[in-house]
Amino acid sequence: MNNGRVTRASLDKQPHEVAAMFDDVAANYDLTNDVLSLGQARLWRKEVAGAVAARPGDRVLDLAAGTGTSSLPYAEAGAYVVPCDFSLGMLREGKRRHPRLPLTAGDATRLPFADGVFDAVTISFGLRNVQDTDGALREMLRVTRPGGRLVVCEFSHPTWAPFRTVYTEYLMRALPPIATAVSSSPDAYVYLAESIRAWPDQPRLAARLREAGWARPAWRNLTGGIVALHRATRP
């Protein structure tokens, strides 16, 4: 373990290395997230579901779905939801918990779906782990029908400077020892903390959505900007 030190090399992981990292934490991933987020993860999932606003008959693609927990609200709303993830370990755990969900293996930069088949595409806390962010945003656009919607929930930059300093200290000092106590793979959470620090802020991510072809990008801050909920539509 690197004891929270930020290193460029630790962020330059290949896709198979990131997938293996998530395989290792699959069994306790949801519980660990609840602990590390101080219970906020459940609130954030609820906000995402509200933004997607799935209706009966909608086709929803839930990317970086992990064990499928984030997909349950869409299925309960009567939508046909496809939970998709590149970690086979996550998918196996998800299939054990939710055998009726059509969990699907897929790379966000090369999605195994036809053009324009989904009414909504959503990804929560996974976009920053994709090696080619802009390529993934274009792929999401490709599989969304005209007029369809995108919802991206991702860690971002707190808007109040003093809180931003406290938050950064928590990420790099408090998170690693907490992860060591509750996770079988604490190095994975050091990587996640470093990827959060390196991620673009709210306006820069909105600009990248626009550059990828999405229309009317907008965002709403959650928990003081720790998380931002981005929305856009396909023209």
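**Exercise 1. A salt bridge between helix α4 and strand β6**

Arginine 220 is partly exposed, with a relative accessible area of 32%. In this predicted model, find which residue forms a salt bridge with arginine 220, and state which elements the pair ties together.

Solution.
- Step 1. The partner of arginine 220 is glutamate 47, and the closest N and O atoms of the two are 3.0 Å apart.
- Step 2. A salt bridge requires a side-chain nitrogen of Lys or Arg within 4 Å of a carboxyl oxygen of Asp or Glu, so the pair qualifies.
- Step 3. Glutamate 47 belongs to helix α4 (residues 40-52) and arginine 220 to strand β6, so the salt bridge ties together parts that are 173 residues apart in sequence.
- Step 4. Glutamate 47 has a relative accessible area of 24% and is therefore partly exposed.

**Exercise 2. Salt bridges of helix α7**

Aspartate 134 and glutamate 139 lie in helix α7. For each, find the salt-bridge partner and say where that partner lies.

Solution.
- Step 1. Aspartate 134 meets arginine 208 in a salt bridge, at 3.1 Å from N to O.
- Step 2. Helix α7 covers residues 133-143, while arginine 208 is in helix α10 (residues 202-211), so this pair ties together parts that are 74 residues apart in sequence.
- Step 3. Aspartate 134 is partly exposed at a relative accessible area of 26%, and arginine 208 is partly exposed at 26% relative accessibility.
- Step 4. Glutamate 139 forms a salt bridge with arginine 142, with 2.6 Å between the closest N and O atoms.
- Step 5. Arginine 142 and glutamate 139 are three residues apart in helix α7, which means that about one helical turn separates them.
- Step 6. Arginine 142 is partly exposed at 24% relative accessibility. Glutamate 139, at 12%, counts as buried.
- Step 7. For the wider picture, the count of salt bridges comes to twelve. Arg59, Asp119 and Arg145 are linked in a network of salt bridges.

**Exercise 3. Strand β2 and its partners**

Is strand β2 (residues 80-85) largely enclosed or left open by the rest of the structure? Describe how β2 pairs with β1 and with β3.

Solution.
- Step 1. Five of the six residues of β2 are buried, so the strand is largely enclosed by the rest of the structure.
- Step 2. Strand β1 (residues 59-63) runs parallel to β2, and five bridges join the two. In one of the pairings, leucine 61 has valine 82 in β2 as its bridge partner.
- Step 3. Strand β3 (residues 104-105) also pairs with β2 in the parallel sense, over two bridges. Here aspartate 85 has alanine 105 in β3 as its bridge partner.
- Step 4. From β2 the chain passes through helix α6 (residues 88-97) to reach β3, and this β-α-β crossover is right-handed.

**Exercise 4. Positive phi at arginine 216 and threonine 223**

Arginine 216 and threonine 223 each have a positive phi. Place each residue and give its exposure.

Solution.
- Step 1. Arginine 216 is not a glycine, yet its phi is about 50°. This arginine is in strand β6 (residues 215-222).
- Step 2. The relative accessible area of arginine 216 is 65%, so the residue is exposed.
- Step 3. Threonine 223, also not a glycine, has a positive phi of about 50°. Threonine 223 sits in the loop between β6 and β7 (227-233).
- Step 4. At a relative accessible area of 30%, threonine 223 is partly exposed.

Terms used
Residues numbered from 1 in each chain as written. Predicted model: local features only at pLDDT ≥ 70, side-chain atom pairs only at ≥ 80, totals over all residues. Heavy atoms only, no water. Buried < 20%, exposed > 50% of the residue type's maximum accessible area, 1.4 Å probe, protein only. Helix = DSSP H or I, 4+ residues; strand = E, 2+ residues; numbered from the N terminus. Pairing = 2+ DSSP bridges. Right-handed = clockwise from strand over helix to strand, strands pointing away.
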